[in-house]
Amino acid sequence: MRILLLFLPFFLVYRNVAAQNTGSLAGSVKDKLTQEALIGASVKLDDSDLGAVTDVDGNFRIAGIPPRTYNVTISYLGYASQTKFNIVITTGNVNQLNVELEPDAKSLGEVVVAENRSVRIASIETPLSIQNLSAEEIKSNPGGNFDISRVVQALPGVGGVAGTGGGFRNDLIIRGGGPSENVFYLDGVEIPVINHFSTQGAAGGPVGMLNVSFIEDATLSSSAFNARYDNTLSSVLQFRQRDGNPERIQGNVRVSASETALTAEGPLGKKNGKTTFLASARRSYLQLLFEALGLPIRPDYWDFQYKITHKINSKTTLTALGVGAIDDFFFEAPKDATPENLYILSATPGVNQWNYTQGFTLKRLINNGFWNLTLSRNMLDNQLDQFADNTDGKQSDESKRILGIQSQEIENKLRFDINRYSGAWKFSAGIMAQYVKYNNNSYTRLRAEVLDSAGVVVQPAVEQRFNTAIDFFKFGGFGQVNRTFFNERLGVSAGVRVDGNTFTDDGENVLNTFSPRLSLSYALAPKWKANASVGRYFKTPLYTVLGYRDESGSLVNKDQPYLRSDHYVAGLEFVPTRVLRFTLEGFYKKYEDYPVSAFDGISLANRGGGFGILGNERVLATGTGEAYGLELFAQQKLNNDLYFTGSYTLFWSKFSNADGELTASAWDNRHLLSLLAGYKFKRNWELGIKYRLQGGVPYTPLDLEASRLNYATIGTGVLDNSRLNTLRLGNFSQLDLRLDKKWNFRRTTLDVFIDVQNLLNTVNPAPPNYTFQRTSDGKAFVTTDGQPLRTDGSNAVPLLLENTEGSLLPSIGIIVEF
């Protein structure tokens, strides 16, 4: 409210002047196949007389644009026209738009089936199972909080983890696969960590790291992966960043309920447009919000991001990028010592974590193509500490330690790929090499020694303690070829990939990871396409698995093979108008060699959706699995001020455990429904609404006797794994709303937004938590005999904590562009 009052005089003073201010649009147009600049391409704002043509460098600039939202159409003789939808013009920043056009076979005199390339996301390599989000769709997403990882959860086939419904954490559950099965790329540089407080081995976390102000678009592929991408079983998420403004310094400041972010961009050196930069820093104050709410958790984070682009000459470009974060998840004694708050203190580890990714890419244009050379390094430093009976949030009694981990993962990567075309043929090939280092000083208390009242041991201690350091090389190569037939009615893409490593027993035999894939696309009619793909994909075992040592110090997981997943997908695409698209797909995924815990016999496919570390144990590569279902998607791009998407996924997800039987996995929602709509009102008002429904996931009931026996020493209940995933939570649903209003002044724009998550205050179902009843001040346990709590819990008063309250979260924020 103070922020709004501060800006109120500016609203009144500039009310009339703002209507006279104008904005600008600038960018470039290239050939998608060769990356060559297109000279003389037409760039036109739909429903206006404004436009421009590209210069000798393929660049364009349109000035004097009234501030509002436009669709922009780009055309060039011999190329398929393309429309960029929902382009917001403001006076504060020059909107940068980079476009790649594909040659149109009609220019060769062929009779081809017409298609709308603007609304279609698919390519010949990935003709199905692919979705795209523009920067504006990410920024304005209701409940998204400018968090790309969270916004993606509204796409078809994407779910959240059990007990959160996708409403708290950013774990990506794609078509029933686990959260460790996805890979992420930022401008072609692999970035293993995209979330703050990341779960080591799985990449999920509660808050995304990437700055949406850098992003031009994000593309999610859930099958038919291009052979250039390694180590994926469920999805490839690609983030494409824009270049900085080559003409002047500009930027924005964003202040929201949880963080403040500053972004700047512009030219470096002489104003010749050859070198540009983007840079940002973001600071969280969630810890202050949670303190005001009386919660014991204190998440505190910083993140930083930059991109520098230097055009060496007309054929060669060098790009440097980096992203990093500093995270501290700690606790304080709660103001209100409720059982729920006290349970959080003992059941959740403290996280002290930092990570970074740094990459350099050299792109060189050649005859009929181009090549990329990428050198990158990423590092994760992860410290976890957890104590039982941590009532004040500052526990340091080593006798009560449950978890203590100090771990690092380091990857140094070199990638080279070449991309060429000849007539109707397109080729790409490449190689990669990585040098990996992993170390871990680990202590985990799985079970503590428990004595009965007579001092007799009723449960021996089970602990894991080891110190490990490993390093090794990974290597791989790929090839992909594409061709169209029958006047472009039929598109065929075939690819193969092999990978290996110098660490595992059979890792150097690349034939073990021979990974073929084939995609087909056939135009049934001008508006209809039938698509299909089949492929085999492999993933390196987790470093946390490979580096584990047993009591004798032996690396007992060197026998682990690569995880394997075979995909079979078929579908239809219908594009009735320029802005409207429907898809229907059926998919089947079959898993082999999935790791299963040697301790409790549970597949690692069921884990990775919480704080901590995944895979830090002895495993057996005996697991199998399958996920299959149907997916329906509808999308309308911005048309008559309205845009919307809707998707429904029906699927089953099953994995085997030590018994070899396929059972419902922890991600088996069965039903995923997502609806999103936005409307652009006059005077730069915008309203967005998003609704998500996820079917209840299976969960494992508590073993009440074992929980009583162990709670005092491990701080949580014990699950009854003999009844693994035999119960199911209720459905999760959430309605989010967002309202934006922009004021455009001279070279400054103010955007005020109101975002309401869970508008209907719906309960987010979660499994019950086990604890012991405490005294009113929370400092001691209530016992049946008035004596101190026995280690075996025999005189405790058990308490099950049920999640029966919703969480409505309204927030307000501002964005100032300058």
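I looked up the surface to begin with: the chain exposes about 32500 Å², an area from the Shrake-Rupley method with a 1.4 Å probe. Carbon and sulfur atoms supply 57% of that exposed area.

A note on what I am reading: this is a predicted model, where local features need pLDDT of at least 70, side-chain atom pairs count only at pLDDT 80 or more, and totals for chains, interfaces and linings use all residues. Residues are numbered from 1 along each chain as its sequence is written, and side-chain values use heavy atoms, with hydrogens and water left out.

Next I checked the inside. Of the 818 residues, 56% are buried (under 20% relative accessible area with a 1.4 Å probe, protein chains only; exposed is over 50%, partly exposed in between).

Then I turned to the secondary structure and found 7 helices and 45 strands (DSSP runs numbered from the N terminus: H or I of at least four residues for helices, E of at least two for strands).

For the overall extent, I noted that the C-alpha trace spans about 90 × 70 × 50 Å along its principal axes.

Charges came after that: I have 81 positive and 83 negative side chains, with the centres of the two sets 8 Å apart. Lys and Arg count as positive, Asp and Glu as negative, while His and the chain ends are not counted; each charge is placed at NZ of Lys, CZ of Arg, CG of Asp or CD of Glu.

Last, I visited two loops. Gln35, not a glycine, has a positive phi of about 65 degrees and sits between strand 1 (23-31) and strand 2 (42-45). Gln35 counts as buried because its relative accessibility is 8%. Asn684 is not a glycine either, and has a positive phi of about 65 degrees; its loop lies between strand 37 (671-681) and strand 38 (685-694). With a relative accessible area of 23%, Asn684 is partly exposed.
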